[in-house]
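Please look at the enclosed spaces inside the structure shown here, and consider which residues surround them.

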Amino acid sequence: MDLRYTSDEQRFREEVRANLESEVPRALREKVRKGAPLEKEDFVIAHRILNRLGYAVPHWPVQWGGRDWTPVQRSIVAEEIQRACVPAPLSANVSMIGPVLAAFGSPAQKERFLPRIASLDDWWCQGFSEPNSGSDLASLKMSARRTDDGYVINGQKIWTTYAQHADWIFALVRTDLQAKPQRGISFVLIDMRSQGITLRPIELIDGDCEVNEVFFEDVEVPLENLVGAENHGWDYAKYLLTHERTGIAGIGVAKEMLERVKAYARTTIHGGTSLWSDENFRLTVAEVEVELSALEVTQLRVGTSTRGDAAIDSAASLLKVKGSEIQQRATELLLEVAGPDAWLRPTESTEDWQAYSTGLYLNWRKLSIYGGSNEIQKNIVAKSVFGD
Amino acid sequence: MNVDYTDEQVMLKESLDRRLSPAAGLQTTSQAERWKDYAEAGYLAIPFAEERGGLGAGPVETMILQEALGKGALSDPYLSSVVVCGSLLQAALADDMVDGWIAAIVEGTAKFSLAQMEPGGQYGEYTRGTLAKADKVNWTINGRKLFVEDTETANYFIVSAANDAGQDVLLVVDSASEGISVNPSTGWDGRSVAVVEFKDVCVPIDNRLDVEDVCGALIGARDLAIAAICAEAVGLMSGVFDLTVEYLKTRRQFKTSLSGFQALRHKVCDMLMALELARSAAMAAASACAGGEESERRIAIARAKVQINRSSRFVAQAAIQLHGGIGLAEEYQLGIYARRLTVIGQIYGNDQVHLRALANSETNTRAAQ
């Protein structure tokens, strides 16, 4: 057990950092740093650069674009992408549908979809939650009636991130009304250009429309778009939700934001001196860094252990909980430094970071809600702790 | 970068878990019996160089052992003797006397304790109130030391003092020497903690440890002690966690076991997170002591102690809460753990001491530029 990075690992980190800085346009990284909303093009440009560098799908099987890297190297890449304010590779593509198809897809599905997923030639979104099925996802109602050629889908999904940009959606649908809820769900791939699909953007309190409602009216889906076996969709969904753990704690994101907090505190003047020269403020930041550094080691234990430790595996869900809390705390600190300038809503021409800080803070309230709310994560861990 | 234990470290952990687990019922053995057992098992040799009869292991192995001691709620003087004084003896230029003292520790025939802290230095500040005058034959020591640990079993003290020229010296002093008066108190954690007065205490001139940078050696020993006590706290918290989970499973109210109630389940998850964050922090501290830059070590140590302080308070509080009334009963096993966890939060630097050090560290000030 030695937590120092080897010189090879340091060199690798420097190489990744240099590549990100030289290859990803500065203007784009500035946009992310400021917290300004991103256009579709911003995500696509960043993702394709990352894919070209081999940083988009390093965790995939090598034959589909993965790299023969150690878990430590993958962890380094994830952190550096976050620290450089580069938009992460589209998670619905690289962390969700990609690994599911790699594990459970048919050879034809893998051939057809995986390369285009990696390159973001196809933009995927996740059709899981419904208006009446959020935390209780297994209660979902969107139905898939079996026909000769496939399925006819009726129903609605909600909170579908970036559906407005998407070419495809992977969805959980109910194929058996008689079975126990988890046993009657199938996992299907639906072309967003299909007849019968309509979108309604949902404006969030930060002013952006990150998520949508997606309505399905008699949408036809060919049989070849069923993933795996009918009525086994819940297993694939569970796999998806627990599969990719590198980077879930948002260590790099939190580190970058705290560095920004410190830098801004140096230039923010209160009563003749900088906020940073106030020991109380430095103590406040130090407190967050204590917990962040402990969380960072915990993330490394979960993500890079080759021995495996049953105890920490069950606590992996708590990485998401604590990571979300620390990232949210970091936005609180950013707001604190912004002061009254955080009152102003940014316009198109706004340059200053302060106006965006409120939007960031509001938007990041989602971190403790999405991907399985913190309360659900604790339910999952408790089951493991109590063995029930 | 490697988060996993080596095969040897795994074997050490398994051996310790077998010997020191609460199930092994060691609370009923005497400390002397246990110490003999540790000597036989080689535990007392862990941090010493192989050429000096040690295992040539380091802070990571110490962490593993300290965690096992904590889990078993054992108060054996491993930290004072092997970790702190062992470190100072190793920092000294080797000679027959130093080798002899190290061998005595390894064989289990002598225990050592550091007498360093003085009035005005309780928060770790470096003070020079104790004076040692040298003539050709002896040192004569005068001074008052606070918070000297494990005096009941210490055969020797290592005493920090200032000589006539105002330089720092470290002197090995037989605890039975004339002029020493030990005034022990009992800590809330059951440990013995003493004020030790030195009045014209004479030790042979050769009892000075030849250490080039005494202050640096003391800081190094203190950092090792902090890393070790962090590991002990992790063991204590782990013991408390297991006790709590077991209690919730077996205790029934409202015709069902308490483990079914969500509020309690979530609190247990909060305990687990606090424990695992503390474990990670202890690992970072041990790893930083095992090698790397001093400035990074100081930061890792400060961060670890703050994390351990907070996690310890939370886990102890939550455990008592989840046990209800019985959590406060002395007869129940939780009290020993809770009191030691509480004390650990106060000694070797409370939150304020270390947070201030972090807030004002040079790295921190540079980072904001």
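This report describes the cavities of the structure and the residues that line them.

The model is a predicted one, and the structure holds two cavities of 30 Å³ or more. The table sets out the volume of each cavity together with the make-up of its lining.

| Cavity | Volume | Nonpolar residues | Polar residues | Charged residues |
|---|---|---|---|---|
| Largest | about 120 Å³ | five | seven | two |
| Second largest | about 50 Å³ | five | two | three |

Around the largest cavity there are 14 lining residues, and those that lie nearest its centre are A:S75, A:E79, A:G247, A:I251 and A:Q299. Two or more residues of this lining are given by each of three elements of chain A, namely α4 (71-83), α8 (251-267) and α9 (279-304). Among the contributors to the largest cavity, α4(A) provides the largest share of the lining, which amounts to four residues.

The second largest cavity has a lining made up of B:E118, B:Y126, B:T127, B:R128, B:S160, B:A161, B:A162, B:D168, B:V169 and B:V214. In chain B, the strands β4 (156-162) and β5 (168-174) each supply at least two residues of the lining of this second largest cavity. The largest share of that lining comes from β4(B), with three residues.

Taken together, the helix α4(A) gives the largest share of the lining of the largest cavity, while the strand β4(B) gives the largest share of the lining of the second largest cavity.

Terms used. Residues are numbered from 1 along each chain as its sequence is written. Chains are lettered from A and ligands numbered from 1 in the order in which they are written. This is a predicted model: local features need pLDDT of at least 70, side-chain atom pairs count only at pLDDT 80 or more; totals for chains, interfaces and linings use all residues. Side-chain values use heavy atoms; hydrogens and water are left out. On a 1 Å grid over the protein atoms alone, a cavity is a set of points where a 1.4 Å probe fits but cannot get out, and a pocket is an open set with protein on both sides within 12 Å along at least five of seven lines; lining residues have an atom within 4 Å of a point. Grid points are joined across faces, edges and corners, and a volume is the space filled by probe spheres set on the points. Ala, Val, Leu, Ile, Met, Phe, Trp, Tyr, Cys and Pro count as nonpolar, Asp, Glu, Lys and Arg as charged, and the others, Gly among them, as polar.
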